[in-house]
Amino acid sequence: MKGSNSSVTSSGTNKRRQQNDIRLYVHQALSADELEITNKYLLELIVDAGLPFSFVERPSFFRFVNSIRSMTAEQLPSRKKLRNILLPKVAELVKNHFETNAKNKIEKGHCGGLILDGYKNVSGQHIESIIVSVGGVTFPLGLDACGTEHDGLAVARTIEGLLKKHSDKYKIKYVCTDDAGQCGRARQILALRYPHLVFMRCYAYQVNLMVCALLKCQLFQRVSKEAVAAAKAITASSSKWLPKLVDTVVSCYGNVASKVLVPAETRWNSMQGCFGSQLRIRSACRMFAVKYSTGGIPAPLKKWESASFWSDLKTIELVIRPFCHASYLMQRECNNLAHIMLLYLNLTLFIIKISLNWQDSSELLKDIEQRWKKEENPLFLLASLLHPTYRSVAAKIISISTNVRGNWRRQQNPLTLQRLKAAACFYYCKFRLNADVEDSDDEMSELKDQLEDWYNDTLEVQKYKPERHDVVQWWLSHKAENTELSKLATFLLGVKVQLADCERHFKD
């Protein structure tokens, strides 16, 4: 009996150990819940990494999946199922989630906007990408063929059709488009027909145009032409001269990056990368040019021997750097009207700072002044003043202007607090932010008082912390005590001023 009990105990122990052995679970198929989660993450991986759907049918992928859990690769969906069934299903879920989120944001006071950008796909077809933005959250609505008519009226009709289709659902208050072709004329036409909307152009592209104007200056024209020619020459000779340059770089600096960048065709902000890539290895470039000067190197590369070339290249790289940096900053999703004035201000101060050492600075200042005059100045100034981060800067500018140029009633100074109060009331009514027309006089009076308190930093609000607060949400939290000013600030600071979202969703 004792031996029998011992055998049973031993058998039971072995049985328990066998149940806890992980090998019993390795060969089990995925359950329905596990398969659903796996398919979700697999689709997310393919879309996020830009992989082809055929990726899931490759033998290497099967071996990888089976190495994690045997006999499960056959359960995963085929590429046709991923593309035709799972992807539309997930897209519909994302759309429903966005619409629910957008509805909640609209109820809280956020406004919506359309972001439009046209480009040519790999097939050479001209298409229009459409994105809707509500409260800082964007969603791609899709792509439309541009058709064969591209005049201002045709573009305006296309945008108007989108406004009629989406305005009621997303409470569209602004439209941001590219500035190429007839888009500028289309915005002018629609601004007359829809005065209660803001029609904005992409300012990341505007900074790119400033860089283009910079490259037309005398020194830039000569040196940039030489630098680009050298970059193209060394890149084109990938089998002969480029390896020799790499060897020279390794002998000078060790194993470091030695790629010389060639600028893109119309992305003039890529010029800084071209200049910087050569300056980074300029000693090696000079050694290379001297060493092979009699060896038949391409003519553009002989410029690398000249000390004056490197001195001039360093000068223009330092000048172009803040412009290129500004163009990259303007591609952020958080950019709004307040950042535009800060952009113009910083670039102007930079040009003034280098004006003593650069003779072409006056031409560049003139170009920036002309661009600023085309803008709706009070709109940007109001947005800057109402942004908690830039309030003190905008208030200082207004104070200096008032002291230097006097009161606007006598000297017609456009940059005073009195002018801004009048502009605030004008935009408040123009954009239909007043809830009741009959009480508009009381609202205007309250708006002026709240704006003056905000200007003097006496408005009772909680401290704004950029790392913790979204600026629109921060103003909405003060809607109860500063209703009119909060409405205006929420509207102005919610307007997007760049098309980078379109490029991220569609072009890339």
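Two strands pair if DSSP finds at least two bridges between them. Keep that idea in mind for the first view of this predicted model.

**View 1. Strands β4 and β5 sit side by side in a parallel pairing.** Here β4 covers residues 172-177, and 4 bridges link this strand to β5. Which residue of β5 stands opposite Cys-176? Look for Met-200, which faces Cys-176 across the pair.

**View 2. Five strands make an open sheet with mixed pairing.** Reading across the sheet, the order is β3-β2-β1-β4-β5. The edges belong to β3 (137-145) and β5 (198-201), each of which pairs on one side only. From one strand to the next, the twist averages 20°. Now add helix α6 (residues 152-170), which packs on the sheet. Which strands does α6 touch? The helix is in contact with β1 (112-120), β2 (126-134), β3, β4 and β5, and its direction makes about 145° with that of β4.

**View 3. Helices α16 and α19 cross at roughly 100°.** Two packed helices are described by the angle between their axes and the distance between the axes. In this view, the axes of α16 (residues 377-386) and α19 come within 10 Å. Angles of 65 to 115 degrees count as roughly perpendicular, and α16 and α19 are therefore roughly perpendicular to each other. From α16 come Pro-378, Leu-379, Leu-381, Leu-382 and Leu-385, which meet Leu-420, Ala-423, Ala-424 and Tyr-427 of α19. Sorted by class, this contact has 9 nonpolar residues, with no polar and no charged ones.

**View 4. Trp-241 and Phe-288 form an edge-to-face aromatic pair.** A pair of aromatic rings is described by the distance of the centres and the angle of the planes. For Trp-241 and Phe-288, those values are 6.2 Å centre to centre and 80° between the planes. Trp-241 belongs to helix α10 (residues 241-253) and Phe-288 to helix α12 (residues 282-291), so this pair ties together parts that are 47 residues apart in sequence. Are these two residues buried or exposed? Both Trp-241 and Phe-288 are buried.

**View 5. Phe-431 and Phe-491 form a tilted aromatic pair.** Their rings lie 4.6 Å apart, centre to centre, with 40° between the planes. Phe-431 is in the loop between α19 (417-430) and α20 (440-455), while Phe-491 is in helix α22 (residues 483-492), so the pair links parts 60 residues apart in sequence. Phe-431 is buried, with a relative accessible area of 2%, and Phe-491 is buried too, at 3%.

**View 6. Trp-241, Phe-288, Tyr-292, Trp-304, Phe-309 and Trp-310 form one aromatic cluster.** You have already met Trp-241 and Phe-288 as an edge-to-face pair.

Conventions: Residues numbered from 1 in each chain as written. Predicted model: local features only at pLDDT ≥ 70, side-chain atom pairs only at ≥ 80, totals over all residues. Heavy atoms only, no water. Phe/Tyr/Trp six-rings, centres within 6.5 Å; stacked < 30°, edge-to-face > 60°. Helix = DSSP H or I, 4+ residues; strand = E, 2+ residues; numbered from the N terminus. Buried < 20%, exposed > 50% of the residue type's maximum accessible area, 1.4 Å probe, protein only. Axes fitted to C-alpha atoms, helices over the stretch in contact; angles between N-to-C directions. Contact = heavy atoms within 4.5 Å. Parallel < 35°, antiparallel > 145°, perpendicular 65-115°, else oblique. Nonpolar A, V, L, I, M, F, W, Y, C, P; charged D, E, K, R; others polar.
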